[in-house]
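This report considers how aromatic rings are arranged with respect to one another and to charged side chains. The sequence and the structure come before the discussion.

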Amino acid sequence: MASEPDVFDRGGELPTKALPVAAAALQGPAESVKPGMPGMPTEPNSAGESEDNPPHPSELSELSEGHDDLPYVRPGEICKGLVVSIGPAGVIVDIGGKTEGLAPIDDFRDAAGDVIVKEGDEIEVFVQTLAEGGEYAALSYRRALQARIWSIIEEAETTREPIHGQVTGRVKGGLAVDLGISAFLPSSQIDLRPVRDLDALVGRSIPVRVVKTNKRRGNVVVSRRSILEEERQRLKQETLQQLTAGAVVTGTVKNVTDYGAFVDLGGIDGLIHVTDISYGRFKGPSEILHKGQEIQAKVLHFDAEKEKVSLSLKHMEPDPWDGVGERYRTGGKVTGKIAGLSDYGVFVELERGVEGLVHVSELTWSRRCRHPSKLFKIGDPIEVIVLDVKHADRRISISVKRLKPDPWSALEERLPVGTVVEGRVRNLAPYGAFVEIEEGVDGLIHASDLSWDRKIKSPQEVLKKGESVPAVVLHIDRENRRLSLGLKQLQPNVWETFFSSYGLGDTVVGRVTRKAKFGCFVELAAGVEGLCHNLEFVKGSGRKKKGLEVGESYSFRIIKIDEFERRIGLSRRHVEGASAISEPSETAAKIEF
C-alpha cells in the first residue's frame with residue numbers, strides 16, 4: 001500500500017521541520033505517557049482549560065476586550081508572523097500591525113535541544129495577550145501548532161482519511177501513537193490478526209484512521225485495522241479477477257504447517273499442499289518454505305464461490321517423469337543414491353524427482369535377507385538394474401540381486417545329485433535343518449535323513465546352529481528353488497547291507513524293542529527293524545501264545561521281505577525250540593550288521 005502523506009504536511013501553513021518539536025512540547029517525552037491513559041492530557045487548570053488545548057471561542061472575546069484599537073490581531077487568535085530575532089529568553093515574532101511578540105524558546109527546541117527556526121522564517125503563533133507601551137505581546141508557538149493539529153485530526157475523523165503517526169510506546173490495552181498529540185491505538189485495532197510482539201511496532205510510522213475524539217479531554221482513538229481491511233478487500237477483488245486455473249501468481253508465504261503452506265496472494269490465501277511443493281524428496285514443508293518468503297506458484301484449482309485456491313510450486317518446473325521410459329529402459333543398469341529405507345525395500349533416487357524401489361525380495365538371492373538398514377545407508381551410491389517402468393503410476397521397479405547371476409540357474413550342473421557338499425547350519429526346525437551351501441542356495445536335511453540307526457526326535461540332537469556340516473545332494477527342484485540334502489547318506493546303508501546278507505526263509509536273532517496290539521518290533525541290526533505279528537508267536541493253532549519280553553533276544557524266521565518299502569516280516573512259529581535265548585545262535589553269530 002502506498003504510504004499516506006505525513007499528517008504534519010497537511011494544510012501547509014506550518015513549517016514542517018518545526019512540528020516534531022512542537023509535538024514533543026505538546027505531548028512531553030514518550031516515557032511520560034501513562035499506561036492505560038493514552039492520549040490523556042494533563043489535568044485541567046482551575047479555569048477548566050487544559051494546558052494542551054486552546055481556549056474556548058467564548059473566552060477569546062473576553063481576552064480581546066480593551067484592544068479594539070488593534071483590529072489586526074486579538075488575543076486568542078492564531079496569526080502568521082515573521083521571526084525577527086532569536087534569543088535565550090525566546091523568539092521575537094513580528095505579527096503585523098506594528099506589533100511584536102515573544103514566544104518561549106522552549107517551544108522551538110527539538111528532542112536534541114536545538115532550535116528549529118531561524119530569522120526570517122514565517123510561522124504561525126497563538127496570541128495569548130497584547131501588551132502596551134512598547135512591550136512584547138505574549139505568544140505561543142506550541143498552542144498554535146496544537147490548534148492546527150486538532151483541526152487536522154477533526155477533519156480526518158470527518159473524512160475518514162488515513163493519517164500517519166509514530167508509535168511511541170506500549171500502554172495498557174494497546175499502543176500510544178504520536179499524531180502531534182498522543183492517540184490510543186487498541187490492540188484489537190492494530191492488525192488483521194492478533195499481534196503478539198507489540199514492542200516490534202514501537203518507533204515505526206504507521207497509517208491510522210481517527211475513529212473517536214474528545215477535544216475537551218484531549219482523547220483520540222485510532223485504528224489501523226480498518227485501513228488494512230479496506231486494502232485487503234481492494235487487493236482481494238483485483239486478485240479474484242486474475243485467478244484462473246493454470247495462471248502463475250506471486251504471493252508471500254503466510255504460514256507453514258506439516259501438510260503444506262498458506263500463501264497470501266493479496267486479499268486471498270492459497271494453499272500449497274505438501275505433495276505439490278517439490279518433485280524431489282524432502283523432510284517437510286519447512287525445509288523448502290518459510291514465513292515471509294515471496295514465491296511464484298501455479299494455480300491448480302480455483303473455487304470462486306468458496307474462494308479456495310489450490311497452488312503448486314513444483315509445477316513451475318518441468319515434470320521429471322516426462323520421457324522417463326526412454327531414459328530408463330528395462331534391463332538397463334543405472335546408478336542412483338539411496339533416498340529411503342523401509343521394511344519392504346529401498347528407495348533409490350535416480351534423478352531429482354524420480355525414484356525407484358528395490359523390493360526386499362530383489363535385494364539379494366538369499367532368502368534370509370535382513371532389514372535393508374543392515375545392508376545400506378541413506379545417501380550411499382548404488383547400482384541397480386531396471387525391471388519395470390510404469391509411467392502412469394510413477395513407479396520404477398529396480399533390482400540389486402540381478403546384477404549377479406541367479407545361483408539356481410546352473411545348480412544341477414554345478415552340484416549334481418550325489419555330490420558331497422559342505423555348508424553352514426542356518427536354522428533348525430522340528431522336521432529338519434536348513435543348511436546354506438552358497439549365497440542364495442539353502443538346502444534341507446530332513447530329520448529322516450540324519451541317521452540310519454538312531455531314532456532322532458529333534459535335529460538338535462545331532463546338529464547345532466552355525467556349525468559346518470557335510471551333506472549329500474539328494475534332489476534338486478530348480479523351479480521351486482528346493483534342495484534336499486542327506487547326512488546319513490555319507491555312511492553305508494544298513495538296509496542294503498542286511499538285504500545283501502539275508503533272504504526269505506533265513507533264521508535271524510533279534511531283540512524285542514517295543515510291543516504293539518498287533519505284534520512286536522524286533523531290532524535285527526543297527527537301524528534295521530522287523531515285525532513279528534501276533535499270529536506268528538506260536539506253532540500250530542489252538543495252543544496258548546507264548547509271550548515275548550521287551551529287551552529279550554529271540555530267534556525268528558524271515559517270512560516276508562520288501563526291499564523298496566524296507567519292511568521285514570518275522571515269525572516265531574517256524575523256529576524250533578522257540579524260547580528266550582541269552583546268547584546268539586552259532587548262525588547268527590556269523591552275521592555282521
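## Aromatic rings and their surroundings

Phe 556 has a relative accessible area of 0% and is therefore buried, since the term applies under 20%. The model under discussion is a predicted one. The ring partner of Phe 556 is Tyr 554, and because the two planes stand at 75°, with the ring centres 6.4 Å apart, the pair is classed as edge-to-face. Tyr 554 is likewise counted as buried, its relative accessibility being 3%.

When the whole structure is searched, eight aromatic pairs are found. One of them joins Phe 498 and Tyr 502 in a stacked arrangement, in which the centres are 4.8 Å from each other and the planes differ by 25°. Phe 498 is buried at 2% relative accessibility, and Tyr 502 is buried as well, at 7%. These two residues also belong to a cluster, in which ring pairs link Phe 498 and Tyr 502 together with Phe 499.

Which residues place a charged end over the ring of a phenylalanine, and at what distance from its centre? The table lists Arg 281 with Phe 347 and Arg 514 with Phe 521.

| Charged residue | Ring | Distance from the ring centre |
|---|---|---|
| Arg 281 | Phe 347 | 5.4 Å |
| Arg 514 | Phe 521 | 4.0 Å |

In both rows it is the charged end of the arginine that sits over the ring, that of Arg 281 over Phe 347 and that of Arg 514 over Phe 521.

Terms used. Residues are numbered from 1 along each chain as its sequence is written. This is a predicted model: local features need pLDDT of at least 70, side-chain atom pairs count only at pLDDT 80 or more; totals for chains, interfaces and linings use all residues. Side-chain values use heavy atoms; hydrogens and water are left out. Rings of Phe, Tyr and Trp (its six-membered ring) pair if their centres lie within 6.5 Å; planes under 30 degrees apart count as stacked, over 60 as edge-to-face and the rest as tilted. Buried means under 20% relative accessible area, exposed over 50%, partly exposed in between (1.4 Å probe, protein chains only). A charge sits over a ring if NZ of Lys or CZ of Arg is within 6 Å of the ring centre and within 35 degrees of the ring normal.
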